[in-house]
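Let's take a relaxed walk through a protein chain. Have a look at the sequence and the 3D view first, and then we'll go through some of the spots worth finding.

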Amino acid sequence: METTGIVRRQTAERMRDVLERLVTERDVWVSTAHSDHGPHQVPLWFLWDGRAVWMCTSATSVTARNVRKEPRVRLSLPDTFDVVLLQGEAECFPDQAVPGGAAEAFADKFGWDPRVEEGSFLYVRVVPRTVRAWRGEPELRGRVIMRDGMWLE
């Protein structure tokens with residue numbers, strides 16, 4: 001692994017960088033699991049509302065079925081050098097019962113409103129309980145920047 005030039009960031013800087021990426025990025029990898037079928041991973045569009053990640057998927061998708069039975073999920077941003085992993089529990093909202101502010105913000109960000117589509121969609125909200133962030137080997141130590149839902153200082 002190339003580590004030349006990597007300057008180890010302090011926790012506060014990692015937190016700022018993660019929050020900036022959560023606001024600006026579009027895609028997140030969502031990992032769910034089923035007790036009989038094992039792990040499932042899929043990329044979804046996401047919205048960060050300052051406290052939680054909001055995603056939307058077909059109400060009949062594997063992801064939707066999995067989170068209804070096992071709400072523990074892991075999310076990861078799609079950069080393998082600037083790693084961000086979030087863990088939390090999914091809360092599900094049918095498209096006609098999602099809080100209006102979240103649905104409007106999602107539609108504004110992506111120009112797509114699942115509530116007006118044919119078929120049923122499920123909004124999935126994940127409040128992170130744990131966040132890990134690192135850039136290369138020099139940052140592996142201290143990579144946990146949120147524990148039990150609290151940002152570390």
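## A buried aspartate in β5

Start with D82, whose side chain makes a polar contact with the side chain of R135, at 3.2 Å. Keep in mind as you look that this is a predicted model. You'll find D82 in strand β5.

Is D82 buried or exposed? Its relative accessible area is 10%, and the cut-off for buried is under 20%, so D82 counts as buried. Leave out the neighbours within four places in sequence, and D82 still touches R9, R21, W134 and R135.

## Another aspartate, this time in a loop

Now move to D113, which sits in the loop between α3 (100–110) and β6. Being in a loop doesn't settle the matter of burial here: D113 has 19% relative accessibility, so it counts as buried.

Which side chain does the side chain of D113 meet in a polar contact? That would be R115, at 2.7 Å. Beyond the neighbours within four places in sequence, D113 is in contact with A107 and Y123.

## One side of helix α2

Helix α2 covers residues 62–69, and four of its residues are buried: T63, A64, N66 and V67. Why do they end up on the same side of α2? Because they span an arc of only 165 degrees around the axis.

And what do these buried residues pack against? The list is β1 (27–34), β2 (38–48), β3 (53–58), β4 (72–76), β5 (82–94) and β6 (121–135).

## Two nonpolar cores

The largest nonpolar core is made of 24 residues. Look for F46, M55 and L75, as they have the most contacts inside it. The element that gives the most to this core is β6, with five residues.

There is also another core, lying apart from that one. It has twelve residues, including A52, W54, A103 and F121.

## The strands after the long loop residues

Next, follow the chain on from β6. In the loop between β6 and β7 you'll meet E137, which has 47% relative accessibility and so counts as partly exposed. Try spotting I6 as well: E137 and I6 are 131 residues apart along the chain, yet their C-alpha atoms are separated by 8.9 Å.

Strand β7 (residues 144–147) pairs with β6 in the antiparallel sense over two bridges. In one of the matches to look for, R132 has V144 in β7 as its bridge partner. On to strand β8 (residues 150–151): β7 and β8 run antiparallel and are joined by two bridges. Here M146 stands opposite W151 in β8. The hairpin of β7 and β8 has two residues between the strands, and D148 takes a positive phi near 55 degrees there.

## What the record says

Finally, a look at the database. UniProt has an unreviewed entry that lists residues 24–134 as "domain: Pyridoxamine 5'-phosphate oxidase N-terminal".

How much of the chain over residues 24–134 is helix, and how much is strand? It comes out at 18% helix and 51% strand. The C-alpha atoms at the ends of this stretch are 18 Å apart.

Note on methods. Residues numbered from 1 in each chain as written. Predicted model: local features only at pLDDT ≥ 70, side-chain atom pairs only at ≥ 80, totals over all residues. Heavy atoms only, no water. Buried < 20%, exposed > 50% of the residue type's maximum accessible area, 1.4 Å probe, protein only. Arc of directions from axis to C-beta. Contact = heavy atoms within 4.5 Å. UniProt positions renumbered as here; feature names shortened; annotations may be inferred. Pairing = 2+ DSSP bridges. Core = buried A, V, L, I, M, F, W, Y, C linked by side-chain atoms within 4.5 Å. Polar contact = N/O pair within 3.5 Å; in protein donor to acceptor, adjacent residues only side chain to side chain.
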